[in-house]
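Thanks for coming. I have one structure to go through today, and I will keep it short.

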Amino acid sequence: MQKSQHPGSGRVNIVSLERVGLRYAEKQVLDVVSLGIDDRDRMGVIGRNGSGKSTLLKVAARLVAPDTGRVVHGSGLRIRYVAQEPDLDPSQSVREAVLAGPAQFDPLADRAAVQREQRCLALLHQLGLDEPQRRVGELSGGQRKRVALAAALADESDLLVLDEPTNHLDVDVVEWLESVLSSRATALLLVTHDRYLLDRVATRIVEVDSGQLHSGHGSYADYLRGRALRVEQSAANERRRANRARVELAWLQRGPQARTSKARYRVERAHELLDAGPAPAADEIAIELPSRRLGSKVVNLHNAGKRYGQRVVLRGVERRLKPGDRIGVVGPNGSGKTTLLQLIAGELEPDTGKVVTGDTVAVGWYGQDPRPLPSHQRVLDTVTEVVLETRLLSGRTISAGTLLERFGFPPDAQRAFAGELSGGERRRLELLLVLAEAPNVLLLDEPTNDLDLDTLAVLEEYLDDWPGVLVVASHDRYFLDRVCSDLLAIEPDGGVRHHPGGWTAWRRSQADRERETRRRQRQEAGPPPSAAQPSGLPRTRKLTYGERRELTQLERRIPELEERKAALTVELQTAGDDYAATRASGDELAALLAELAAAEARWLELAELTDTG
């Protein structure tokens, strides 16, 4: 494959977007943008819903041609692309779909095909799909996404393009995918709302905003620091510009010289500077909607249980929701998270026990399935059917149109039909409709699947001070850590176990339980036989001298790497237009992040041996 190499960098360019422009209807999605993707890039793409993230991925993957400019791909470039909603043949079996059609080969003559099928089946197992003969048409949306992921990961590629790969995936599968993507040598172009995945996998961030691209090397956290610095610098520049205009205007208007033609021109120019104001920023989302008064009695579940046919989903649930509760619900797909939320909402009746709801409860439901919206109804009309005007927390009353603007829908978007909205814009509109009804018990079922990161950040800040009760079922680890103070984990037998704290605290307690289970199993099995221990059981021995020394060295090395990472981040933020400095620091940071990930993984492996040995 012929590729262009950056002199002295060791990096090879595999895709180049050169002054690319692309327009959909009245919206300029990409406006004369340029971007280079190298063979070592692990690039995370972020931006507001509808900003053009998925379009950028399709242009890079050769699926959409730009209106202007050009896209250059390396000769023979192998690209694997997984769409947000994979388009699979419903008549095929899972095996056929993951192998890209029925396998027609002689197992003795085509060993590579056999090996690929074995890889595909192993990946399907890792992704929780153990029925390869099942028809694709029988699968849920999340299961179809897993089939597409297995097909993409099974093959070698030069560029892996993933659009929201974690949607509908269990936490265990997301963690597995995170480790797979971190270890792959292929270039990666990724859109995801999972901030932990983005921060741990990406070494470069590209933001799509108002048709333009803003890029920064480093992790997602590094990019956020750089963006905050740019915003602060822009605000400082605007203050200086305004002050200069005011000083000049005041001086010019003091005396007769203000009447000269030259001075009059300068007066007019100073007025123009003052009137212009700062450059318009992207529409900022603001959520400031009140909730209704909530009494002391919310929702009480007494020995509640639910079954579907012979399958018991929930059993013996005892839980009293109290004002101010922030509860997350976790468990594998199909474990009963949505069912538990539906019991709380009163949408389902329990088969055993009872659910008692307080008189003042007003439930707001934001579920996984899209809320039915008339596709030929305008966005503004959709909102005015729910609320004509609303009073904000500040006491100010605003119209439905102003409320839409505060949710990132400017006047032209308000006149659009609901059927023209992107998936993310539609979900943001649905969130507005739920909150506009002023609920005091908010039930969120996988709320992060289709909301952009900026909207999620604003929603999280809103929930910090929201006085009602929140119950959220989610696989988003960051969101659970950010908004929940308690978790309810659904066990395999249908029981519900309470865990104080967010996702990280629950995951730590899970690991402790697993270690305790392994310890008891070793004790019950008795001492090992005198024969040499098989190499497949390294966790039942103590660390060797060399491993203890390696652990000590890693404990010194990891802080050094973290310190160098912070220094490189500062260098990248201050490099400005110095391309050579930016490239050198970016290359070093990418290599350092890979070394840091490997060191942390090895440290965890050795540390667990000390815990279990």
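**A hairpin, a helix and two cores**

Strands S9 and S10 make a hairpin with two residues between them, and Ser210 in that turn has a positive phi of about 55 degrees. This is a predicted model, where local features need pLDDT of at least 70, side-chain atom pairs count only at pLDDT 80 or more, and totals for chains, interfaces and linings use all residues. Residues are numbered from 1 along each chain as its sequence is written, and side-chain values use heavy atoms, with hydrogens and water left out. Helices (H or I, at least four residues) and strands (E, at least two) are DSSP runs, numbered from the N terminus.

S9, residues 204-209, runs antiparallel to S10, residues 212-217, with six bridges joining them; strands pair if DSSP finds at least two bridges between them. Arg204 is opposite His217 of S10.

Now helix H13, residues 423-436. Its end C-alpha atoms are 20 Å apart, in agreement with the 20 Å expected for 14 residues at 1.5 Å a residue; the expected span is 1.5 Å times one less than the number of residues. Of the 14 residues in H13, 12 are buried, meaning under 20% relative accessible area with a 1.4 Å probe, protein chains only. The elements covering them include strand S3 (27-38) and helix H14 (453-465). After H13 comes Ala438, with a positive phi near 55 degrees.

Which residues touch the most other members of the largest nonpolar core? They are Phe407 and Leu463, in a core of 53 residues. H13 gives the most to this core, seven residues. A nonpolar core is a set of buried Ala, Val, Leu, Ile, Met, Phe, Trp, Tyr and Cys residues joined through side-chain atoms within 4.5 Å.

Conventions
Buried means under 20% relative accessible area, exposed over 50%, partly exposed in between (1.4 Å probe, protein chains only). Contact means heavy atoms within 4.5 Å.
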